[in-house]
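Open the model in a viewer and keep the selection tool at hand. The tour goes from one selection to the next and says what is found at each stop.

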Amino acid sequence: MAFDYKKEYKEYYMPPKTPTIITIPAMNYLAVRGKGNPNDESGEYKDSIGLLYGIAFTLKMSYKGEHKIEGYFEYVVPPLEGFWWQEGVKGIDYDRKEDFNFISLIRLPDFVTYADFEWAVAEATRKKKADFSKVEYLTYNEGICVQCMHMGSYDDEPVTIEAMHKFAKENGYEPEITATRYHHEIYLSDPRKCDVSKLKTVIRHPVKKMAEMPMIDSRCGLHCTGCEYKDSCNCGGCIETNGHPFHGECPVAICCQKKGVVHCGECGDIPCELLTQYSCDPEHGDTPQGARIEQCKKWYAEGKTKHE
């Protein structure tokens, strides 16, 4: 019986309908790059599919000819896949299909070498009298991702993607779609032969571990945890109360909010006259004086180190 990648690697090709985190190893692919609306009958995407399958089946049927691939075993050609992105767009804008960039893909068995690929391109070109020069041999290491089985129309994918991102965040990850990490789809159904409501598409997004930020509970560097006014005055602190702790509006907190900084340590003016006044006040200041200024500097250093 022919080896079927969908059945043998269900974790990659048959994920549940609820999101999961998975690490995808490096794989080799046939790949064709292009641009434009994938629904355009005369567009580059439709052409890319024909090119991919032309080489994929040349390799699959190679055992019947003179070219022998070392380690070859009979297999089912893996499903069509695609990397998608749009210039200047964070994520995917499904209303701007004409702006799509894509890499159409079909996974290669590990035994197919670059030399075998070159042979297949030459053989397909000779037999089919067509130009297969756009087809590439691509090695891609996808890494840690969140993925989910999407059921239904491609235009309804945003709902599934929102659930994926929510799941990732709840488990300490955040999306990391970049110039080299893509929105990834694996097509398990043929839209020409399947009702749109029953289309199965694996959606995969790259993720990274969320940075662990230092515990910051005030703008000025004062430690609210353990403060006598936290319980006695039911004070939520300046961050939770949006700059209005138990004693009223805090000028330091409001200053941070206006400047768009998390705390005074991120401000280029530290230590400013306002913060120094609060920190060194004879009656309500720090012990020792300037302690909250040093704390803000420490928070800033910790946060910077974690992002380097």
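## Stop 1: helix 5

This is a predicted model. Start with the packing around helix 5: its buried residues pack against strand 2 (20–35), strand 6 (136–151), strand 7 (173–175), strand 8 (183–187) and strand 9 (200–209). Now select the helix itself, residues 157–170. Its 14 residues should span 20 Å at 1.5 Å a residue, and the end C-alpha atoms are 20 Å apart, so the two values agree.

Which residues of helix 5 are buried? Colour E157, T160, I161, M164 and A168. They lie on the same side of helix 5, because they cover an arc of only 100 degrees around the axis. Give a second colour to V159, E162, K166, K169 and E170, the exposed residues on the face turned away from the buried side. Then step past the end of the helix to G172, where phi is positive, near 85 degrees.

## Stop 2: M27 in strand 2

Strand 2 is one of the elements that helix 5 packs against, and the next selection, M27, lies in strand 2. Is M27 buried or exposed? Its relative accessibility is 4%, so M27 counts as buried; the cut-off for buried is under 20%.

Show the residues in contact with M27, leaving aside neighbours within four places in sequence: Y12, R107, L138, T139 and Y140. Add N141 and draw a distance between the C-alpha atoms of M27 and N141. The separation is 6.4 Å, although the two residues are 114 residues apart along the chain.

## Stop 3: helix 3

Select residues 44–60, which form helix 3. Its 17 residues should span 24 Å at 1.5 Å a residue; the end C-alpha atoms are 24 Å apart, which agrees.

The buried residues here are Y45, S48, L51, L52, G54, I55, A56, T58, L59 and K60. They pack against strand 2, strand 3 (75–76), strand 4 (80–86), strand 5 (100–107), helix 4 and strand 8. Strand 2 and strand 8 also appeared at the first stop, packed against the buried residues of helix 5.

Two residues of helix 3 can be compared. S48 has a relative accessibility of 1% and therefore counts as buried. Setting aside residues up to four places away in sequence, S48 touches V32, F102 and S104.

Y53 is also in helix 3. At 29% relative accessibility, Y53 counts as partly exposed. With residues up to four places away again left out, Y53 touches V77, L80 and I106. For a distance to set beside the one at M27, pick the C-alpha atoms of Y53 and T23: these residues are 30 residues apart along the chain, and the atoms are separated by 27 Å.

## Stop 4: the cavity

How many cavities of 30 Å³ or more are there? The count comes to one, and the largest cavity holds about 30 Å³ of space. To find it, select the lining residues L30, A56, Y75, V77, P78, I106, R107, L108 and P109. By class, eight of the lining residues are nonpolar, none is polar and one is charged. Some of these residues have been met before: A56 is among the buried residues of helix 3, R107 is one of the contacts of M27, and V77 and I106 are among those of Y53.

## Stop 5: backbone details

The remaining stops concern backbone angles. Most residues other than glycine have a negative phi, and most peptide bonds are trans.

Go to K129, in the loop between helix 4 (114–128) and strand 6. This residue is not a glycine, yet its phi is positive, near 55 degrees. K129 has a relative accessible area of 72% and so is exposed.

Move on to helix 8 (251–259). Its buried residues are V252, A253, I254 and C256, and what covers them includes helix 7 (237–240) and helix 9. Just after helix 8, G260 has a positive phi of about 75 degrees.

Last, follow the loop between helix 8 and helix 9 (273–279) to P271. Is the peptide bond from I270 to P271 cis or trans? The bond is cis, with omega near -5 degrees.

Terms used
Residues numbered from 1 in each chain as written. Predicted model: local features only at pLDDT ≥ 70, side-chain atom pairs only at ≥ 80, totals over all residues. Heavy atoms only, no water. Helix = DSSP H or I, 4+ residues; strand = E, 2+ residues; numbered from the N terminus. Expected span 1.5 Å × (residues − 1). Buried < 20%, exposed > 50% of the residue type's maximum accessible area, 1.4 Å probe, protein only. Arc of directions from axis to C-beta. Contact = heavy atoms within 4.5 Å. 1 Å grid on protein atoms, 1.4 Å probe; cavity = no way out; pocket = protein on both sides within 12 Å on 5 of 7 lines; lining within 4 Å. Points joined across faces, edges and corners; volume = space filled by probe spheres on them. Nonpolar A, V, L, I, M, F, W, Y, C, P; charged D, E, K, R; others polar.
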